[in-house]
Amino acid sequence: MIKPNKNLQVTVLSLGFFFLYAPILSLVVYSFNDSQLVTIWSKFSFRWYGELMHDDELINAAWLSLKIGLMTAFASVFIGTWAGFVLARMGRFRGFALYSAMVNAPLVIPEVIQGISLLLLFVEMAKYIGWPAERGVLTIWIGHVMLCISYVAIIVQSRIRELDTSLEDAAMDLGATPFKVFFVITLPLISQALVSGWLLSFTLSIDDLVLSAFLSGPGSTTLPLVVFSRVRLGLNPEMNALATIFITLVTIGVLTANYFMQKAERKRMAMSA
Amino acid sequence: MNTNESAQKKPASTDEKFVQVIDVVKKFDETTAVDGVSLSVARNELFALLGSSGCGKSTLLRMLAGFETITSGKILIDGEDMSRLPPYKRPVNMMFQSYALFPHMTVESNIAFGLKQEGVGKGEIAERVADALNLVQMSKYAKRKPFQLSGGQQQRAALARSLVKRPKVLLLDEPMSALDKQIRQRTQIELVNILYKVGVTCIMVTHDQEEAMTMADRLAVMSEGRIVQLGAPNEVYEYPNSKFAASFIGSTNLFAGAIVEDQPDHIYVESPDLKQRMFISHGVTGPLGMPVSISVRPERVVLSRAKPAQDTNVAVGKVVNIAYMGGYTIYHVQLESGKVVMANVSTLMFDETEPPGYDAEVYVSWGPTAGVVLTK
């Protein structure tokens, strides 16, 4: 057996973590820099955080991203759960393979292609049926939902597959209609998968640049779009401040979600044991 | 009084034929899982469907519960045709093999679930749940979640849940398979006691013949979607009607042979396995020379060192295997023909004589009533 070398282990691990977190750390440090220049340290200050508070364009974009993120998360969970349930439970119906492949396709199709094809579709539709009159929140939302459904469907499908079907049989045997069984037994038992799917969709949507770039219109610029366009015009420590706020929020969010999900997972393991 | 009323409304139902399965067939695409099964179960009877996996017993149970549709045939419960009713409208409850307790609910709400679906009032639910918990002695675990219970406790919670709606028929799917072997036997008797106390018609499915014989009033041995034999446990054991039934329930020695002499009160059978003829003290209805199998249970076979004073039903051989079981020992004796005969020797016997060891020459013999003639 190969004995792991303790020193080597520590070195490799530190290198790995350094590689992952050094850029983020420097970004956080420089957000508290007073200087206009991103790379030269002058003195500690909250100047850029103050400027951020008065930057209406950024704040509006952040609100818009949040709004689209929430809308996307809810819609994706709703439709994705539906799709996942059908895939896991309907057995092999006609066109099962095609349906299953089509649900999973957005995972592997490059976003650029999805973006272009949706954009072309919307343009054509506007020409013939007059809708959508202009691109905006709605079109971005449709694009994001399209992407996220696949993730939710896969998560939900795998969770439902491992669910003991006799639980649903038992509920029906005790007098609950299939409709009621789904809401009282199935949904609570797959709630964890729904939460995971929701969080994943929300993150994907908030983070998305490519689809949004194709599908946004005047007056509907999401946060990643604003950041991207500003960076092209030259770096500004305000971005560092924004990034720091985001990292803080995300860290808190991830830690809380992890805590609750681990708790639920432990419970689930104990249940199935 | 209640039973009188329903009996008047539905004259087809009698206590003898409380549950009627009439010529039921179930096909999955090309395969036939259940192939023309007919049986009836009396009110308050404990009936077992016994068979190895894939024999169709579980499919039959699922058809009784309503989870599978019937390809053809009929199922009547208390005179009422069940064929068109979905599971949630049948007066039938099932205890699942995995127990299927809802993991996100307490024991109490698990048991209350069925009553809630019925729209029973809150006060009555509380009362009936408490009674059910009391019946299975689980009152102190009412607030626990299923994963906090042991296997035996989960089983009792599941039993309470399936009894609380007072079903006309209780279905048990492999009720003991999730339990450790040590506690099985005690649990079997406890379960039967509870079922008698409530007085419920019960159909269980099992692959374990000991379990079926311990618990059931009557049992049906199934194979390849058909019922091979149906009867009380001792009937099926003592008088199997086929080679399958004889070897599935308990173990047995089978001798293939042909009838060489047929009298009204006895027959002689010759088998290539044995030098001596076999003598059976009852007649059969069949022509001379008819091929038959003779089943002799190992506990009916006598093992001796000295030559027994009989010239039929006897053979000499040597001991090839000895399996000590505690209360008795199974001797495998190889005859000159190569045939191995099993004999159960009671431990009591070894108090008197030294037990024969490996390769010892011994005689195996049995009485004129020990052999059962099987024609299929």
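Two residues are in contact if their C-beta atoms, placed from the backbone, lie within 7 Å. The model is predicted; local features need pLDDT of at least 70, side-chain atom pairs count only at pLDDT 80 or more, and totals for chains, interfaces and linings use all residues. Residues are numbered from 1 along each chain as its sequence is written, while chains are lettered from A and ligands numbered from 1 in the order in which they are written.

**Exercise 1.** Find the residues in contact with B:Leu171, leaving aside neighbours within four places in sequence.

*Solution.* Start with B:Leu61, B:Leu64 and B:Ala65. Add B:Val92 and B:Met94. Finish with B:Ile203.

**Exercise 2.** Describe the side of chain A that touches chain B.

*Solution.* Begin with the count: 16 residues of chain A are in contact with 19 of chain B. Next, assign helices (DSSP runs of H or I, at least four residues, numbered from the N terminus). In chain A, α7 (165–173), α8 (178–189) and α12 (237–272) each supply at least two residues of this side. The most come from α7(A), which gives six.

**Exercise 3.** Place A:Asp169 and state whether it is buried, partly exposed or exposed.

*Solution.* Locate A:Asp169 in helix α7 of chain A. Then apply the cut-offs: 20 or more other C-beta atoms within 10 Å, placed from the backbone, means buried, 12 or fewer exposed, and in between partly exposed. A:Asp169 has 19, so it is partly exposed. Across the chains, A:Asp169 touches B:Phe67 and B:Ala100, not counting residues up to four places away in sequence. Within chain A, its C-alpha atom is separated by 8.8 Å from that of A:Val181, twelve residues apart along the chain.
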